[in-house]
Structure formats: structure tokens, C-alpha cells
Amino acid sequence: KKDCPDNTVGACAKDNGKPDNCKAGYHPDVKDDLGVCTKCPDTCRSEACLRDGTCLDGCDDGYFGPKCENACPTGCPTSCDTEGLCTNGCDKGFYGAQRCEQPCPE
């Protein structure tokens, strides 16, 4: 009998040990053909994620993407939306169509 991985809640698959569910802050995953409970991305707001690793409550400021894996453009002062567009205009010294990627001329 294969033991379920650490942080498993409930049962796991007999063939590879992939957990049915994991404790809060983790999601079921398979690494090197073995089931694991992978920690939710640190960039998830509240560090909570769904079973596929998608962030439950959105991203921390400065990040975007389903798993908050992308950094907002350098010229965004605080945060960006799910597409990476700056939500509060551009930082001083930057401009550009919603991504604030262009440094202002000297």
C-alpha cells in the first residue's frame, strides 16, 4: 500500500499517490510521476489556491496571471489587472498604452 503524500486530506490515487485534496495552502499535483501536495504560489493573495494551483483570491500587488506567475510591468506603481495592464496609471518616469513599459525621454 502506497502512503499518501504529506498534507493530503482524504484519499489518494492508488497508481501514483496523487491526493484527492490537500490541506489549506496546498493543491494536488504530480511531480516525477508521484502524487504530491504542492504549496500554493507565494504570490497568491492569502496563499490560497484551487485544485489546479490557480489562485483563489487573486494576486498580491505586483503580480498577475492565473497562478500569479507574472510580474506586473516595471512602470506600474502598485498593481496590474489579470492581463498585466496597470490599474493606477504609470509610475513617474514611465508611459505607454496601459503597460507603462516606456521610460520617458530625458
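Here are three short exercises on the cysteines of this structure, each with a worked solution.

Before you start, note that this is a predicted model, where local features need pLDDT of at least 70, side-chain atom pairs count only at pLDDT 80 or more, and totals for chains, interfaces and linings use all residues. Residues are numbered from 1 along each chain as its sequence is written, and side-chain values use heavy atoms, with hydrogens and water left out.

**Exercise 1. Find out how Cys 44 and Cys 55 are linked, and which handedness the link has.**

Step 1: Recall the bond. A disulfide is a covalent bond between the sulfur atoms of two cysteines.

Step 2: Apply the cut-off. A pair of cysteine sulfur atoms within 2.5 Å counts as a disulfide. The sulfur atoms of Cys 44 and Cys 55 are 1.8 Å apart, and they form a disulfide. By this rule the model has eight disulfides.

Step 3: Look at the torsion. About the S-S bond of Cys 44 and Cys 55 it is about -70 degrees, so this disulfide is left-handed.

Step 4: Place the pair. Both Cys 44 and Cys 55 lie in the loop between strand E4 (34–39) and strand E5 (63–64), so the pair ties together parts that are 11 residues apart in sequence. Strands (E) are DSSP runs of at least two residues, numbered from the N terminus.

**Exercise 2. Describe the link of Cys 76 and Cys 86, and say whether these residues are buried or exposed.**

Step 1: Check the distance. With sulfur atoms 1.9 Å apart, Cys 76 and Cys 86 form a disulfide.

Step 2: Read the handedness. The value about the S-S bond is -85 degrees, and the link is left-handed.

Step 3: Judge the surroundings. Buried means under 20% relative accessible area, exposed over 50%, and partly exposed in between (1.4 Å probe, protein chains only). Cys 76 and Cys 86 are both buried.

**Exercise 3. Work out what Cys 90 is bonded to, and where Cys 104 stands.**

Step 1: Find the partner. Cys 90 forms a disulfide with Cys 100, their sulfur atoms being 2.0 Å apart.

Step 2: Read the torsion. It is about -80 degrees about the S-S bond of Cys 90 and Cys 100, so the disulfide is left-handed.

Step 3: Take each end in turn. Cys 90 has a relative accessible area of 33% and is therefore partly exposed, while Cys 100 is buried at 1% relative accessibility.

Step 4: Turn to Cys 104. Cys 104 is in no disulfide, and its nearest cysteine sulfur, that of Cys 90, is 8.0 Å away. With a relative accessible area of 35%, Cys 104 is partly exposed.

Note on methods
Helices (H or I, at least four residues) and strands (E, at least two) are DSSP runs, numbered from the N terminus.
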